[in-house]
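Q: I would like to learn how to read the features of a structure one at a time. Where do we begin?

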Amino acid sequence: MLVLLGVPALARDLDEKLTIRTLKYQHHPSQEASPIFVAGQVVTALRFEKDVDPAKTKFLAWEGRFEAPLVGGNKVVLEPLKDLGDGEALPLLVTLVDGTEFTFLVRPKSRQDWGWIDYQVNVFTDPDSYNAVLSGLYDSLKREHKLNEENERLKQEENSVDHAYATLLANGQVKKTPFRRRLVYRPRNQDMDMVVEVFEGPGKAAALVTLKNTYYGEPWKFDGAYLTRDLTHYTLRPFALRMDRSSIAEGETGRIAVVADKSAFLTDDGQFTDLALQIFRGDGLLQVYVRMEHTLIRK
């Protein structure tokens, strides 16, 4: 078993979402610069209703952070060389050939929606124009589809045995589950008091991570969990996750429980393999890495 703290987010790209969205830009003195969310080596295109004036389009402080911006026709294309740091915001001024100006702040990928990245942003000044309404309609349909998928997922989880077991573990009711504790250890960390418990079970395996915020300086926030074959394979394996809280204030304790079925440990050719559980905190760093061996599966 290994626990790595403060390691760069090796697997943050596992569940990022490339988003095409509609931005209806209202020119007003109180208008704040609209955010554009980007990620390293991912192209982001801004698409306007009219052609862009390259001579009057300026992207400040991009040198060393981005490939040279491409400005042509009705598009501006940005490509970061690597992820921007938390809190970074680079001003982008876009001027159309008719003199219309737009101000944006280019920021790191959003923490919302598990890492949303702007793949294409369609910018409109007239919210009632045909293209703006059509683009907004597509956005609404995508949101509706996403909500339907989420509702279906929640319905399935209500009837999922694995999620029921994970709920019991997260609530401290281990005796009500079929799991037996295989290993317990307490990793050392100056900010978080952590206890990792690994369980074996009939046809399943589980892990329970207990975190106490001893001196993190701010509420600890859960950012994501991934189950992969190891740190070098980014193929996600299915699992059930439950937590009793997603934010842990200083002095408070929270639990994160994960249950994986036997099928998650099987390769395409039917062989068993070990898995790596990775839990990330709100600043994007890896908080805990737990090796879940296939021998945890009992017959």
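A: We begin with one residue and its surroundings, in what is a predicted model. Setting aside neighbours within four places in sequence, Ala207 is in contact with Glu197, Val198, Phe199, Ile256, Ala257, Val258, Leu277 and Met292.

Q: Where is Ala207 placed, and is Ala207 buried or exposed?
A: Ala207 belongs to strand S12. Its relative accessibility is 1%, and the cut-off for buried is under 20%, so Ala207 counts as buried. A C-alpha to C-alpha distance can be read beside the sequence separation: Ala207 and Arg182 are 9.9 Å apart in space and 25 residues apart in sequence.

Q: How many residues of strand S12 are buried?
A: Strand S12 covers residues 204-213, and 9 of its 10 residues are buried, so the strand is largely enclosed by the rest of the structure. As a general idea, side chains in a regular strand alternate between the two faces of the sheet.

Q: Which strands pair with S12, and in what sense?
A: Strand S11 (residues 192-202) runs antiparallel to S12, and 10 bridges join them. Strand S17 (residues 253-261) also pairs with S12 in the antiparallel sense, over 9 bridges.

Q: Which residues can I look at to see the register?
A: Between S11 and S12, Met194 stands opposite Leu211. Between S12 and S17, Ala206 has Val259 as its bridge partner.

Q: What takes a positive phi in the hairpin of S11 and S12?
A: This hairpin has 1 residue between the strands, and Gly203 takes a positive phi near 75°.

Q: How many residues lie between S10 and S11 in their hairpin?
A: There are 6 residues between S10 and S11 in that hairpin. The two strands pair in the antiparallel sense over 5 bridges, with Tyr185 opposite Val196 in S11.

Q: How do I read a pair of aromatic rings?
A: Two quantities describe such a pair: the distance of the centres and the angle of the planes. This structure holds 7 aromatic pairs. In the pair of Tyr165 and Phe179, the centres are 5.6 Å apart and the planes stand at 80°; over 60 degrees counts as edge-to-face, so this pair is edge-to-face.

Q: Which parts of the chain does the pair of Tyr165 and Phe179 link?
A: Tyr165 sits in helix H2 (residues 161-170), while Phe179 sits in the loop between H2 and strand S10 (180-185). The two residues are 14 apart, and the pair links distant parts of the chain. Phe179 has 7% relative accessibility and therefore counts as buried.

Q: Which residues do ring pairs link into a cluster?
A: Phe48, Phe102 and Phe104 are linked in this way.

Q: Which residues form a nonpolar patch on the surface?
A: Leu18, Ile20 and Tyr119 form the patch, with about 280 Å² of accessible area together. Leu18 lies in strand S1 (residues 17-24). Its relative accessibility is 52%, and exposed means over 50%, so Leu18 counts as exposed.

Q: What do the totals for the protein chain come to?
A: The secondary structure comprises 2 helices and 20 strands. Of the 299 residues, 41% are buried. The accessible surface comes to about 16,000 Å², and carbon and sulfur atoms account for 50% of that area.

Q: What share of the contacts with a separation of 6 or more joins residues 24 or more positions apart?
A: In the protein chain that share is 64%.

Definitions and conventions:
Residues are numbered from 1 along each chain as its sequence is written. This is a predicted model: local features need pLDDT of at least 70, side-chain atom pairs count only at pLDDT 80 or more; totals for chains, interfaces and linings use all residues. Side-chain values use heavy atoms; hydrogens and water are left out. Rings of Phe, Tyr and Trp (its six-membered ring) pair if their centres lie within 6.5 Å; planes under 30 degrees apart count as stacked, over 60 as edge-to-face and the rest as tilted. Helices (H or I, at least four residues) and strands (E, at least two) are DSSP runs, numbered from the N terminus. Buried means under 20% relative accessible area, exposed over 50%, partly exposed in between (1.4 Å probe, protein chains only). Patches are made of residues with over 30% relative accessible area and no salt bridge: like charges are joined within 9 Å, nonpolar side chains (Val, Leu, Ile, Met, Phe, Trp, Tyr) within 5 Å. Accessible areas come from the Shrake-Rupley method with a 1.4 Å probe; for residues, only the protein chains shown count as cover. A salt bridge is a side-chain nitrogen of Lys or Arg within 4 Å of a carboxyl oxygen of Asp or Glu. Contact means heavy atoms within 4.5 Å. Two strands pair if DSSP finds at least two bridges between them.
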